[in-house]
Amino acid sequence: MSNQTEVEAKKKFSFGDFYKKLGPMVALIVLIVLVSVLNFSFLDPLNLLNLLRQVSVNALIAFGMEFVILTGGIDLSVGAIVALSGAFTAQLVLAGVPTILSLLIGMLTGAIFGAINGVIIAYGKAAPFIATLATQTILRGATYVFTKGNPITGTKMSNNFGFQFFGQGYLFGIPFPVYIMAIFYICAFILLHRTTFGRKTYALGGNPKAAFVAGVKNNKMIILIYTIAGFLSAVAGAILTSRLASAQPDAGNAYEMDAIAAVVLGGTSLAGGKGRMFGTLIGALIIGVLNNGMNLLGISSFYQQIVKGIVILVAVLLDRKQAKA
Amino acid sequence: MQIDMQHISKSFGSNEVLKDVNFSVKGGEVHALMGENGAGKSTMMNILTGLLEPNSGTILVDGKETHFDNALEAEHHGIAFIHQEMNNFGEMPVLDNMFLNKEIKKGFGLIDNAKMKTIAQKALDQLDMKVDFSQPIGELSVGQQQMIEIAKSLMTDAKIIIMDEPTAALTQDEIQKLFVVIRKLRDQGVGLIYISHRMEELFEIADRVTVMRDGLTINTYNTADTNVKQIVHDMVGRDMGDFYPERHPKFGKTMLEVSGLTNDKFKDVSFSVRSGEVLAFSGLMGAGRTEIMRAIFGIDKLDAGTIKVDGKELTIKNPNDAISHNVGFLTEDRKTEGLILDATLADNIDLPSIDGFSKHGLIDEKADKDFVDMLLKRLNVKANGRDDEAGSLSGGNQQKVVLAKWVGSGSQVLILDEPTRGVDVGAKREIYDLMNELTDRGTAIIMVSSDLDEVLGFSDKIAVVYEGHLMDVVDTKDATQESIMTLATGGKNE
Ligand SMILES: Nc1ncnc2c1ncn2[C@@H]1O[C@H](COP(=O)(O)OP(=O)(O)OP(=O)(O)O)[C@@H](O)[C@H]1O
Ligand SMILES: [Mg+2]
């Protein structure tokens with residue numbers, strides 16, 4: 001055991017290993033340098049704060065997605081949960097329900113939708129991809145029914161200071177959603193890396209059979225993890241609704257892609273069992289800088305999609321390479 | 001065909017596994033390769049078949065320097081490799097597994113199932129074996145899967161066949177069938193490389209034997225000119241005492257008592273184990289021993305029967321229930337159910353005990369680390385440290401890691417399914433010593449084993465299972481090879 005460090009040092013250089021450890025960080029820095037050189041206004045503090053606020057929505061969803069992907073699963077319904085829980089919250093605020101309560105109920109519904117995903121996957125033995133694709137469609141449809149296809153908005157929302165503050169406010173010069181992101185990042189980090197729940201999450205993704213024999217309650221874990229993903233999506237949904245001062249029926253469309261991209265760019269293996277919460281935070285920042293930078297550079301949204309798709313593809317290919325090595 | 005591997009060296013990082021190893025095999029002989037766990041036997045064979053690149057050294061095939069880029073190329077040159085760790089696709093039918101990547105086709109690229117079946121059956125016939133070709137291979141027992149693996153090599157007309165611990169999962173009966181085939185192949189001029197940790201097999205089947213230690217070839221003998229003591233001495237570098245330490249059991253109260261256990265794999269099974277006792281379970285492959293244990297531990301369902309642990313009747317719905325009542329279970333198949341291969345040793349070892357190292361879910365990292373290090377040391381696991389990936393360890397050392405996990409969980413009733421599978425002589429002895437220590441501290445141990453020597457050599461009582469029925473539980477003192485075999489094949493001793 002004495003020569004452990006030596007072994008580490010002499011290990012053959014492997015790109016997969018390297019990317020896993022430092023790659024996301026390096027990619028983020030390179031991207032920031034590139035964008036700042038191309039457009040100086042990127043480094044404007046106002047722009048940076050704005051960027052962080054934009055990132056917070058995707059980051060929150062991605063934290064939940066990290067748990068899901070670590071188990072070897074995937075959650076495609078997060079974007080639809082953003083929309084439906086946001087619509088609930090908006091409707092409650094309009095109905096005069098106290099702001100805090102409206103927000104909490106919205107988040108709770110998100111958690112419930114997540115739990116339903118979990119039950120279908122755990123007890124129905126359904127493939128997560130198909131199960132959440134189905135619930136995505138159902139929840140999106142329900143959002144259209146609930147909103148009758150129109151944005152939910154009104155003066156009761158736009159004049160409600162507390163509700164507005166949640167997504168638009170500033171505290172000590174920093175957007176409030178950034179605090180929410182930071183708090184949930186710390187919670188997610190501790191949960192994943194410092195608790196037995198986190199250890200069991202990794203075990204479940206690494207080898208579900210061995211985990212079960214070692215006493216992990218696989219079904220319970222899966223339900224809890226999808227519940228977390230649903231809950232965090234609803235928190236993101238509340239921020240989004242507050243920022244827009246309205247609940248859009250197509251809010252959160254394709255957000256699952258950005259969240260999955262953040263997780264994969266952060267070095268988490270799609271096969272499950274391997275990844276870090278910090279990587280996912282970095283991954284979300286990469287996506288954020290990419291979006292923000294392309295806007296600043298005036299790249300049309302059509303091209304933006306292509307670029308983002310390519311970036312995700314590269315990340316997935318890196319993941320594959322890692323799996324083989 | 002003759003193969004000479006000369007001056008082979010190989011390192012993984014700074015871990016110099018092979019320094020200078022020489023090994024040769026020629027047609028018409030069985031050449032055994034011996035060495036402790038982690039000595040580098042499997043690594044040698046991986047190098048020979050192109051799965052690993054040596055750092056230096058040459059491989060001569062019939063005197064000509066040769067290099068295989070991959071396993072398929074080696075196979076085309078007539079070298080078949082039956083791996084220690086099976087690489088099956090569990091969901092795939094037996095037949096598809098047997099012909100993976102070498103499917104036989106008729107016109108239009110369609111797969112010719114009928115022809116494949118005929119060929120496969122011919123190979124299985126040699127091993128006197130019947131299986132349902134359409135069954136998912138993962139549903140077969142480990143032993144059956146191993147036999148299929150052997151059948152696969154018989155289908156290629158290999159000139160050299162490498163068997164890396166082929167008998168680890170087989171029962172006496174299958175081993176004999178395998179030996180018949182090995183002798184037949186040898187007489188047909190095939191060369192066999194045979195790796196095993198079972199000494200008695202070596203003297204039964206091998207013509208020559210090469211012993212490796214510390215990355216070097218220690219000696220090559222004609223089997224007729226050597227003996228067990230010599231080989232063991234060369235392997236471990238010193239003389240070793242008896243294989244089996246003596247048992248001085250002090251029995252306490254009954255720790256586990258089951259009665260009337262029934263499901264579709266076994267019927268009306270009743271037995272009990274006392275504190276301080278080692279109860280061995282013997283029987284032929286597929287008799288249902290493993291299935292009984294799985295049901296007690298809550299992995300499989302029970303249709304009827306009661307389980308009492310420490311005098312209390314329990315309903316065990318899942319392994320978590322069993323573990324929380326201090327029952328531990330080392331499964332027979334370490335790869336699918338024992339280990340998370342790409343997780344670290346630490347994460348593997350502390351999984352069943354992790355709740356004990358936490359307050360409100362938060363893990364006490366320091367205590368956890370100390371715990372893992374203590375177990376790695378206690379079981380003498382050959383590794384760089386707790387952060388190694390479990391999959392990078394040699395087979396025998398992986399087995400020790402699974403053992404560490406259950407020893408660490410502090411079980412009062414410990415069910416060990418083939419605990420010494422694939423473990424070298426020295427380490428086997430360590431495991432028996434450990435079991436002695438555990439029973440001295442009052443643990444009740446159930447040891448399922450297909451190794452009759454081990455069953456007779458290291459237990460207090462022997463339960464024999466035949467086709468899902470518990471035939472009898474006898475005192476080890478009164479048991480003999482014959483009396484156990486009689487029971488295991490459905491007969492009665494008067
Ligand atoms: N891919 C790998 N990466 C790192 N180390 C490895 C790798 N493969 C093998 N080793 C190391 O090489 C050594 C020899 O392993 P090998 O599997 O050849 O042993 P073995 O003699 O077959 O042992 P056993 O009897 O337990 O099967 C071990 O210390 C093992 O940890
Ligand atoms: Mg080996």
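Which residue of strand 20 of chain B does B:Leu416 stand opposite? That opens a few exercises on this structure, which is a predicted model.

**Exercise 1. Place strand 20 of chain B among its neighbours, and work out whether it is buried or exposed.**

*Step 1.* Start with the opening puzzle: B:Leu416 stands opposite B:Met447.

*Step 2.* Now look at the whole pairing. Strand 19 (residues 413–417) of chain B runs parallel to strand 20, and 5 bridges join the two. To get from strand 19 to strand 20, the chain passes through helix 15 (residues 425–440) of chain B, and this β-α-β crossover is right-handed.

*Step 3.* Find another partner. Strand 13 (residues 278–283) of chain B is also parallel to strand 20, with 4 bridges between them. Here B:Leu279 has B:Ile446 as its bridge partner.

*Step 4.* Check the two faces. B:Ala444, B:Ile446 and B:Val448 sit on one side, B:Ile445 and B:Met447 on the other, and all of them are buried.

*Step 5.* Wrap up: 5 of the 5 residues in strand 20 (residues 444–448) are buried, so the strand is largely enclosed by the rest of the structure.

**Exercise 2. Describe the surroundings of ligand 1: which residues come nearest, and which elements supply the shell?**

*Step 1.* List the nearest residues. Out of 19 around the ligand, B:Lys41, B:Ser42, B:Thr43, B:His197 and B:Gly396 come nearest.

*Step 2.* Pick out some polar contacts to ligand oxygen atoms. A polar atom in the side chain of B:Ser42 is 2.7 Å from one. For B:His197, a side-chain N or O atom is 2.8 Å away from an oxygen of the ligand. B:Gly38 uses its backbone instead, with an N or O atom 2.8 Å from a ligand oxygen. As for cover, ligand 1 has 640 Å² of accessible area on its own, and the protein covers 80% of that.

*Step 3.* Trace the shell back to chain B. Strand 2 (15–26), helix 1 (41–48) and helix 14 (395–408) each supply at least two residues. Helix 1 gives the most, with 3.

*Step 4.* Sort by class: the shell has 12 polar, 4 nonpolar and 3 charged residues.

**Exercise 3. How many residues of helix 9 of chain B are buried, and what does the backbone do just after the helix?**

*Step 1.* Count first. Helix 9 (residues 289–296) has 7 of its 8 residues buried, so to speak a mostly covered helix.

*Step 2.* Put names to them: B:Arg289, B:Thr290, B:Ile292, B:Met293, B:Arg294, B:Ala295 and B:Ile296.

*Step 3.* Step past the end. Just after the helix, B:Gly298 takes a positive phi of about 90°.

**Exercise 4. Find out where A:Lys148 and B:Asp62 lie, and whether each is buried or exposed.**

*Step 1.* Recall the background: most residues other than glycine have a negative phi.

*Step 2.* Read the angles. A:Lys148 has a positive phi near 55°, and B:Asp62 has one of about 50°.

*Step 3.* Locate them. A:Lys148 is in the loop between helix 7 (128–147) and helix 8 (155–158) of chain A. B:Asp62 is in the loop between strand 4 (56–61) and strand 5 (64–65) of chain B.

*Step 4.* Apply the cut-off for exposed, over 50% relative accessibility. A:Lys148 comes in at 70%, so it counts as exposed. B:Asp62, at 51%, counts as exposed too.

Notes. Residues numbered from 1 in each chain as written. Chains lettered and ligands numbered in written order. Heavy atoms only, no water. Buried < 20%, exposed > 50% of the residue type's maximum accessible area, 1.4 Å probe, protein only. Pairing = 2+ DSSP bridges. Right-handed = clockwise from strand over helix to strand, strands pointing away. Near = heavy atom within 4 Å. Polar contact = N/O pair within 3.5 Å; in protein donor to acceptor, adjacent residues only side chain to side chain. Areas by Shrake-Rupley, 256 points an atom, 1.4 Å probe, with all protein chains shown as cover. Nonpolar A, V, L, I, M, F, W, Y, C, P; charged D, E, K, R; others polar.
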